[in-house]
Amino acid sequence: MSKQESFSVKTHSTIDFIKIDSQIQKIVSDSGVKDGACIIFVPHTTAGVTINEGADPDVMRDIEKELNKIVPFQDNYSHAEGNSAAHIKSSLVGTSEMVIIEKGSLKLGTWQRVYFCEFDGPRNRTVWVRII
Ligand code: ZN
C-alpha cells in the first residue's frame with residue numbers, strides 16, 4: 001500500500017523555516033493509514049527539510065545564524081547563478097526526512113516539528129509526501 005501526495009509552501013524571505021507538520025498530518029489522516037511511515041521529500045536544489053524544536057523560535061534563528069557562518073552568502077563561488085550558498089545549505093540540511101506513523105499520527109518527539117527550509121527565497125515550493 002502506498003499513497004503519494006504533494007502540497008505547496010510559500011516562503012517569505014531568503015532564508016525561511018516553515019512548519020509543515022500540519023499539512024503532512026492531514027495527508028496521513030486522509031490516507032487512512034494507521035501504522036507505517038511517512039517520507040517527506042523536497043524536490044528542490046536550494047531548499048531542504050529538517051526536524052527540530054518547535055517551541056522556541058530562537059532555536060531556528062540560531063540554526064540560521066550558524067548555517068550562515070558555515071556557508072557565507074559570498075565566498076568567491078564558481079556557480080554563475082550566484083546562489084551557491086543556498087545549494088550548499090540544501091545539501092547540508094538534506095532534502096528528505098522519514099517519520100513513523102502510529103495510530104494515524106506522526107510520531108514526533110514532544111518538542112519536534114517538521115520544517116521546510118528555504119535557502120533561496122522567497123519562492124513557491126513543493127513538498128512530496130509518500131506514505132508506506
Ligand atoms: Zn543555482
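**Helices, cores and salt bridges in a predicted model**

Student: Where does Asp62 lie?

Tutor: Asp62 lies in helix H2. Helices (H or I, at least four residues) and strands (E, at least two) are DSSP runs numbered from the N terminus. This is a predicted model, in which local features need pLDDT of at least 70 and side-chain atom pairs count only at pLDDT 80 or more, while totals for chains, interfaces and linings use all residues. Residues are numbered from 1 along each chain as its sequence is written, and side-chain values use heavy atoms, with hydrogens and water left out.

Student: What is the relative accessible area of Asp62?

Tutor: The value for Asp62 is 41%, so the residue is partly exposed. The classes are buried (under 20% relative accessible area), exposed (over 50%) and partly exposed in between, with a 1.4 Å probe and protein chains only.

Student: And how far apart are Asp62 and Val33 in space?

Tutor: Their C-alpha atoms are 36 Å apart, with the two positions 29 residues apart in sequence numbering.

Student: Staying in H2, is Leu67 buried or exposed?

Tutor: Leu67, also in helix H2, is buried, with a relative accessible area of 11%. Leaving aside neighbours within four places in sequence, Leu67 is in contact (heavy atoms within 4.5 Å) with Phe17, Lys89, Leu92, Val93 and Phe119. Leu67 and Glu118 are 51 residues apart in sequence and 12 Å apart in space, C-alpha to C-alpha.

Student: Moving to the interior, how many residues does the largest nonpolar core have?

Tutor: It has 22 residues, and those with the most contacts inside it are Ile20, Ile24, Cys38 and Val127. A nonpolar core here is a set of buried Ala, Val, Leu, Ile, Met, Phe, Trp, Tyr and Cys residues joined through side-chain atoms within 4.5 Å.

Student: Which elements give two or more residues to this core?

Tutor: They are helix H1 (21–31) and the strands E1 (3–10), E3 (36–41), E4 (47–53), E5 (96–102), E7 (112–118) and E8 (124–131). A second, separate core of eight residues includes Met60, Leu67, Ala86 and Tyr115.

Student: What does Cys38 touch?

Tutor: Not counting residues up to four places away in sequence, Cys38 touches Ile24, Val28, Glu97, Met98, Val99, Ile101, Leu106, Val129, Arg130 and Ile131. Cys38 is buried, at 0% relative accessible area.

Student: How many disulfides does the structure hold?

Tutor: It holds zero disulfides, a disulfide being a pair of cysteine sulfur atoms within 2.5 Å. For Cys38, the nearest cysteine sulfur is that of Cys117, 16 Å away. That separation is too far for a bond, so the sulfur of Cys117 has no partner in Cys38. Cys117 is buried too, with a relative accessible area of 0%.

Student: Which residues of helix H3 are buried?

Tutor: In H3 (residues 84–93) they are Ser84, Ala85, Ala86, Lys89 and Ser90. Their cover includes E4 and H2. Ser84 has 10% relative accessibility and, apart from neighbours within four places in sequence, is in contact with Tyr77 and His79. After H3 comes Gly94, with a positive phi near 95°.

Student: What about the surface: which residues make the nonpolar patch of about 290 Å²?

Tutor: Ile70, Ile88 and Leu92 make it. Patches are made of residues with over 30% relative accessible area and no salt bridge; like charges are joined within 9 Å, and nonpolar side chains (Val, Leu, Ile, Met, Phe, Trp, Tyr) within 5 Å. Areas come from the Shrake-Rupley method with a 1.4 Å probe; for residues, only the protein chains shown count as cover. Ile70, in helix H2 (residues 57–70), is exposed at 60% relative accessible area.

Student: How many salt bridges does the structure hold?

Tutor: There are seven, each a side-chain nitrogen of Lys or Arg within 4 Å of a carboxyl oxygen of Asp or Glu. Among them is Asp30 with Lys26, whose closest N and O atoms are 2.7 Å apart. Both residues are exposed.

Student: How are Asp30 and Lys26 placed in H1?

Tutor: They are four residues apart in helix H1, so about one helical turn separates them.

Student: Where does Asp120 fit in: is this residue buried or exposed?

Tutor: Asp120 is buried, with a relative accessible area of 18%. Asp120 forms a salt bridge with Arg123, the closest N and O atoms being 2.6 Å apart, and Arg123 is partly exposed at 33%. Glu102 and Lys107 also meet in a salt bridge, at 3.3 Å from N to O; Glu102 is partly exposed at 35%, as is Lys107 at 44%.
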